[in-house]
Amino acid sequence: MVGGGPQLRPGLVTLAHLGVLFLDELAEFDRDVLDALRQPLEDGSVEIVRAHGSVHYPARLQLVAAMNPCRCGWHGDVQRACRCRSGEAERYMRRVSGPLVDRIDLRVVMPRLEPGALVAPVAPEPSAVVAGRVAAAWRVEMERNGGRPNALLRGRQLQRACAMDRAARDALVEIARRLDLTARSVHRTMRVARTIADLRGRAAVSPEDILAAASLRDRSMEVPLAA
Amino acid sequence: MTHRTSEERTAWVALAAAPGVGPVTFQRFLVLHGSARAALDAVGAMSHRSADRTLASELGMRPRPGLAASLRRAAADPESPLRRVADLGGWVLTPLDAAFPPKLQALEEPPLVIYGLGSPLSLQASRSVAVVGTRRATGSGRMLASRIGARLAQAGAIVVSGLAVGIDAAAHAGTLDAGGQTIAVVGSGLDDPGPRAHRRLMSAIAAHGAVITELAPGVAPSRGTFPRRNRIISALAAGTIVVEAPARSGALITARHALEQGRPLLVAPGRPLDPAVAGCLALLRETPARPLVGLDEMLVDLALEDPAPSSGPSARLSAMAALGMLAPSQRAVAEALLDGPQTVDAIVRRSGQATGVVAAALTLLQLRGWASALGPMQLAAGPLLTQPEAGSTGSAPSETRPPGSSRSRSRSSGSWSMGRRPGTGPSG
């Protein structure tokens, strides 16, 4: 995944540089492999150390991953019972480590669709329209950030780009406190909120944007469910 | 308590907790020696050689290797189980104690000892209902269990269950969320709390009710322990509700105990031919159990509807008053939750708002205690909505005060709101 071998070959994360790396069935990967993703996801590069030296490869990628909620796939379903043994669903979730989950900004639970919705889908927003909105937001953020996407904003740049009014700042503070967000999660929530505001075409980040960003950090992966 | 009875109580617990001593052995010891103290003294005086065989012939049972050694250890340090319970912050009740619940003493095979965390008083409550069902629950089964727990809490009843995953946990959690009390009867020693995911739930139950077991600290759960504890669950409750049970579910054992004990049994029916409820359907067909058709009817059938200190309508009324303090988008979502737990998709459909807006509103409602998550994509009304005093701002802790629209622009932390201004929110 990260690269290596006798020839120090670049791995998948480098091949996906400036692109998308899609990992299906995330929880089925080895723990070591998954944890090796943490460095590229944070730094945008990967370091491979061998006895005779080390190399850095670029690895600025968009990670997209999918997984089932448990081995049988029915955990949390409204109609059908999960067939896994007690505690197995929680163990399955925990295969993806907390620090890695922490670095995944948008987490969406996908419940099973009712058959009716599959046969007669509601007219979704056309992809071209969404693409137009994304392109417009992209132009706005590149212009404001001096050629950097929101995802790469750090420190003071991030604070400046995320101009928040008092209410939005209060919202972020309360959410961070109630959800026990790590410092990294707070910054990641700010970047997502900034992007949501850009997509909504607004200059300032509002409490709604903060909440929307927080609602996308679905926590069912972090907090083992009681039931 | 006199010195003598206190000594007998210590010996009683030590004898009952000794590995290898079950209820039958315990009774024979009592008959043979007259007291637990005398039994332990007798074993202590026994010669080590062939002690197991001597014991067996005394008790009239087959020899059990290790029994004598186990008893000798108990005799050498009879305080040990009491100490272990005290270290866990728990308490012990024996039939020698005045506070031992008569409901348990009336059992055909009363527990020799009750080990507990939390409030021993909760065991005496007469308004108490057992809610049980399968570990392998469906999402709708869990939602139903949690609604039943919440409604019983509002009716002032204590909810008794087994702290297993699935229906049990949902019933406990629903009761706690509604500000009620609940008792968990576990099938292992108090220091072995079962599913790791339930540690937090267990301490919440101990803080608002009790966690009890008849098994000594250090006893691991096994095949036999769960069915046996079910008789305690049904005995503590004035009535029992089976929420979701496939054929051969442990909940059916609890149901049978309830019928044997002459307590009312309500069973949630399901769809015919659905294996998830096969056990429920069999109960309805073959026993005097009554079907659970609604939460109001449930209270009537359990004779709980009358002196309900804060039941349905008034709680709902104050909840509606409280809703006035929410911004419109949140109010639509909270109103949907008042009809019971539901999925995010269902809330989106009902409220007619965009998914993103609903998700953001739900996040806020959860933060502020107006909603609580039952599982992925399933939410229920939270403590602030279900507690009877939800309507009065004064009773809500200032930290969790819902945002009033008039306060939405004030400067103090926690007062921000999320009103939906025109032109806000993405279209999709």
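This is a short talk about one cavity and a few strands in chain B.

Okay, so keep in mind that what you're looking at is a predicted model.

Let me start with the cavities. There are three of 30 Å³ or more in the structure, and I want to talk about the second largest, which comes out at about 40 Å³. What lines the second largest cavity? Going along the chain, you have B:D52, B:L55, B:A56 and B:L59, then B:M61, B:R62, B:P63 and B:R64, and finally B:L67. The biggest contributor is helix 4 of chain B, residues 51-59, which puts in four residues. By character, the lining has six nonpolar residues and three charged ones, with no polar residues.

Now over to the strands. Have a look at strand 4 of chain B, residues 158-161. B:I158 and B:V160 face one way, B:V159 and B:S161 face the other, and all of them are buried.

Who are the partners of strand 4? On one hand there's strand 3 of chain B, residues 128-132, running parallel to strand 4 and joined to it by three bridges. If you want a spot to click on, B:S128 sits opposite B:I158. To get from strand 3 to strand 4, the chain goes through helix 8, residues 139-154, in a right-handed β-α-β crossover.

Then there's strand 5 of chain B, residues 182-185, also parallel to strand 4, again with three bridges. Here B:S161 is the one across from B:A184. The chain passes from strand 4 to strand 5 by way of helix 9, residues 167-177, and that β-α-β crossover is right-handed too.

That's my bit, thanks.

Definitions and conventions:
Residues are numbered from 1 along each chain as its sequence is written. Chains are lettered from A and ligands numbered from 1 in the order in which they are written. This is a predicted model: local features need pLDDT of at least 70, side-chain atom pairs count only at pLDDT 80 or more; totals for chains, interfaces and linings use all residues. Side-chain values use heavy atoms; hydrogens and water are left out. On a 1 Å grid over the protein atoms alone, a cavity is a set of points where a 1.4 Å probe fits but cannot get out, and a pocket is an open set with protein on both sides within 12 Å along at least five of seven lines; lining residues have an atom within 4 Å of a point. Grid points are joined across faces, edges and corners, and a volume is the space filled by probe spheres set on the points. Helices (H or I, at least four residues) and strands (E, at least two) are DSSP runs, numbered from the N terminus. Ala, Val, Leu, Ile, Met, Phe, Trp, Tyr, Cys and Pro count as nonpolar, Asp, Glu, Lys and Arg as charged, and the others, Gly among them, as polar. Buried means under 20% relative accessible area, exposed over 50%, partly exposed in between (1.4 Å probe, protein chains only). Two strands pair if DSSP finds at least two bridges between them. A crossover is right-handed if, with the strands pointing away from the viewer, the path from the first strand over the helix to the second runs clockwise.
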